[in-house]
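Welcome! Here is a guided look at a protein chain, written for someone meeting it for the first time.

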Amino acid sequence: MIVRDFNELKNTDRSVSDARWTSTRMLLADDGMGFSFHITVLEAGSEHQFHYKHHFESVYCMKGKGSITDIATGETHEIKPGVMYALNLHDKHILRAEEELHMACCFNPPVTGTEVHREDGSYAPAEELA
């Protein structure tokens with residue numbers, strides 16, 4: 001059994017910050033669960049373009065208000081507490097935080113914790129990190 005406390009992890013190397021967001025990685029690839037689980041906070045007024053070409057991601061909004069735009073279709077959806085979105089097609093998207101957003105995120109394959117976003121908004125595939 002794995003039991004972790006977010007409040008203890010947020011001041012460790014499992015907490016990663018970049019471009020107006022902070023992600024605390026509760027589960028990583030080396031935990032052997034087959035997915036990673038993160039609590040991510042995006043600053044109010046921030047906008048982020050991501051394109052997870054090598055990962056699937058699902059995200060649940062716990063707090064805050066914002067929107068997500070599917071770049072391929074131009075369709076925009078409201079993000080608020082209780083809303084979940086899943087990037088089942090490796091969707092290139094823009095995430096906007098009108099208010100500070102608190103999100104619970106799952107990645108498959110799991111991230112290792114050492115990834116950084118590349119210029120195109122993606123993480124490298126796991127085999128490139130090995």
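The sections below go through the sheets, the salt bridges and a surface patch of this predicted model.

## The six-stranded sheet

Let us begin with an open sheet of six strands, paired antiparallel in the order S1-S2-S3-S10-S5-S8. Strands S1 (15-18) and S8 stand at its edges with a single partner strand each, so one side of each has no neighbour in the sheet. From one strand to the next, the twist averages 20 degrees.

Walking through the pairs gives a feel for how the strands line up. S1 and S2 run antiparallel and are joined by four bridges, with Ser-15 opposite Thr-24 in S2. The hairpin of S1 and S2 has two residues between the strands, and Ala-19 takes a positive phi near 45 degrees there. S2 then pairs with S3 over six bridges, again in the antiparallel sense, and here Arg-25 stands opposite His-38 in S3. Next, seven bridges link S3 (residues 36-42) with S10 (residues 101-108) in the antiparallel sense; in this pair Phe-37 faces Cys-106 in S10. As for cover, six of the seven residues of S2 are buried, and the strand is mostly covered.

## The four-stranded sheet

Another open sheet has four strands in the order S4-S9-S6-S7, and its pairing is antiparallel. At the edges stand S4 (47-50) and S7 (76-79); each has a single partner strand, so one side of each is left without a neighbour in the sheet. The twist here averages 20 degrees from one strand to the next.

One pair to look for is S4 with S9 (residues 93-97), which are antiparallel and share four bridges. Within this pair, Gln-49 stands opposite Ile-94 in S9.

## Asp-31 and its partners

Side chains of opposite charge can pair when their charged atoms come close. The structure holds five salt bridges, and a good place to start is Asp-31, in the loop between S2 (21-27) and S3. Its relative accessibility is 18%, so Asp-31 counts as buried.

The side chains of Asp-31 and Arg-4 form a salt bridge with an N to O distance of 2.8 Å. Arg-4 lies in the segment before helix H1 (6-9) and Asp-31 in the loop between S2 and S3, so the pair ties together parts 27 residues apart in sequence. Arg-4 counts as partly exposed, at 31% relative accessibility. Asp-31 also forms a salt bridge with Arg-14, with the closest N and O atoms 3.6 Å apart. Since Arg-14 sits in the loop between H1 and S1, this pair ties together parts that are 17 residues apart in sequence. Both Arg-14 and Asp-31 are buried. In addition, a polar atom of the Asp-31 side chain lies 2.8 Å from the backbone nitrogen of Leu-28.

## Another salt bridge

Arg-20 and Glu-43 form a salt bridge too, their closest N and O atoms being 3.1 Å apart. This pair links distant parts of the chain, 23 residues apart: Arg-20 is in the loop between S1 and S2, and Glu-43 in the loop between S3 and S4. Arg-20 is partly exposed, with a relative accessible area of 39%, and Glu-43 is partly exposed with a value of 39%. Salt bridges that share partners join Arg-4, Arg-14 and Asp-31 into one network.

## A nonpolar patch on the surface

Which residues make a nonpolar surface patch of about 310 Å²? They are Tyr-60, Met-62 and Met-84. Met-84 is found in strand S8 (residues 84-86), one of the edge strands of the six-stranded sheet.

How values were computed: Residues numbered from 1 in each chain as written. Predicted model: local features only at pLDDT ≥ 70, side-chain atom pairs only at ≥ 80, totals over all residues. Heavy atoms only, no water. Patch = residues over 30% accessible without salt bridge, like charges linked within 9 Å, V, L, I, M, F, W, Y side chains within 5 Å. Areas by Shrake-Rupley, 256 points an atom, 1.4 Å probe, with all protein chains shown as cover. Salt bridge = Lys/Arg side-chain N within 4 Å of Asp/Glu carboxyl O. Pairing = 2+ DSSP bridges. Axes fitted to C-alpha atoms, helices over the stretch in contact; angles between N-to-C directions. Buried < 20%, exposed > 50% of the residue type's maximum accessible area, 1.4 Å probe, protein only. Polar contact = N/O pair within 3.5 Å; in protein donor to acceptor, adjacent residues only side chain to side chain.
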